[in-house]
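User: I've got a model open on my screen and I'd like to walk through it with you. Can you take my questions one by one?

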Amino acid sequence: MGWNSSGGNTNQGGSSLWSGLVHGTNEQGEDVTASFGREGTSKEGQTLLTDGHVSQNDFYGSRDARGHDHYDGRGGGTDRGYYTGQGS
């Protein structure tokens, strides 16, 4: 997936393991929200991704109902149906 985060919002959420939320577009020009595993952590190379520009509450959801798909950087992850773009 190509990534265009020019003008993206990176001031939402984040932790010692994950970047703050980034609002951008994919290669098809569709809005997406993502968080990226931080370099040097156990989450490095992983991506959390959902369709649309969503809030922190909608993105993280609850323990039982996360609002994003999780890609582990090795071709696997958890498909919850939140990202429907290319590569999903």
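User: Which side chain does the side chain of Q46 make a polar contact with?

Analyst: First, a caveat: this is a predicted model, where local features need pLDDT of at least 70, side-chain atom pairs count only at pLDDT 80 or more, and totals for chains, interfaces and linings use all residues. Residues are numbered from 1 along each chain as its sequence is written, and side-chain values use heavy atoms, with hydrogens and water left out. A polar contact is a pair of N or O atoms within 3.5 Å; within protein, one must be able to donate a hydrogen and the other to accept it, and residues adjacent in sequence count only if both atoms are side-chain atoms. For the side chain of Q46, the partner sits at 2.5 Å, and that partner is the side chain of H70.

User: Is Q46 buried or exposed?

Analyst: Q46 is in the loop between strand 2 (31-36) and strand 3 (47-51); helices (H or I, at least four residues) and strands (E, at least two) are DSSP runs, numbered from the N terminus. Buried means under 20% relative accessible area, exposed over 50%, and partly exposed in between (1.4 Å probe, protein chains only). Q46 has a relative accessible area of 10%, so this loop residue counts as buried.

User: Which residues is Q46 in contact with, leaving aside its neighbours within four places in sequence?

Analyst: Contact here means heavy atoms within 4.5 Å. H70, the polar partner of the Q46 side chain, is on the list too. In full, Q46 touches W18, S35, F36, G37, H70, Y71 and D72.

User: What makes up the largest nonpolar core?

Analyst: A nonpolar core is a set of buried Ala, Val, Leu, Ile, Met, Phe, Trp, Tyr and Cys residues joined through side-chain atoms within 4.5 Å. W18 is one of its members, and beyond its sequence neighbours within four places W18 has contacts including F36, Q46, L48 and H70. F59, another member, is buried with a relative accessible area of 0%. The 5 residues are W18, L21, L48, V54 and F59.

User: Why is the F59 and Y60 pair called edge-to-face?

Analyst: The structure holds 1 aromatic pair. Rings of Phe, Tyr and Trp (its six-membered ring) pair if their centres lie within 6.5 Å; planes under 30 degrees apart count as stacked, over 60 as edge-to-face and the rest as tilted. The ring centres of F59 and Y60 are 5.0 Å apart, and the pair is edge-to-face because the planes sit at 85°.

User: Which residue forms a salt bridge with D72?

Analyst: A salt bridge is a side-chain nitrogen of Lys or Arg within 4 Å of a carboxyl oxygen of Asp or Glu, and a search of the whole structure finds 1. D72 is buried at 17% relative accessible area, whereas its partner is exposed at 69%. The closest N and O atoms are 3.5 Å apart, and the partner is R74.

User: Which backbone nitrogen lies 2.8 Å from a polar atom of the D72 side chain?

Analyst: D72 lies in the loop between strand 4 and strand 5. The backbone nitrogen of G75 lies 3.4 Å from a polar atom of the D72 side chain. At 2.8 Å you find the backbone nitrogen of R74.

User: What order do the strands of the open sheet have?

Analyst: Along the chain, the elements run β-β-β-α-β-β from the N terminus. Two strands pair if DSSP finds at least two bridges between them; strand 4 (residues 69-71) and strand 5, for example, are joined by 2 bridges and run antiparallel. The edge strands, each pairing on one side only, are strand 1 (22-25) and strand 5 (77-78). Pairing in this sheet of 5 strands is antiparallel, and the order is 1-2-3-4-5.

User: Which backbone oxygen does the side chain of H53 reach?

Analyst: H53 is found in the loop between strand 3 and helix 1 (56-60), and at 41% relative accessibility H53 is partly exposed. Beyond its neighbours within four places, H53 is in contact with H23, G24, D31, V32 and T33. The side chain of H53 comes to 3.0 Å from the backbone oxygen of G24.
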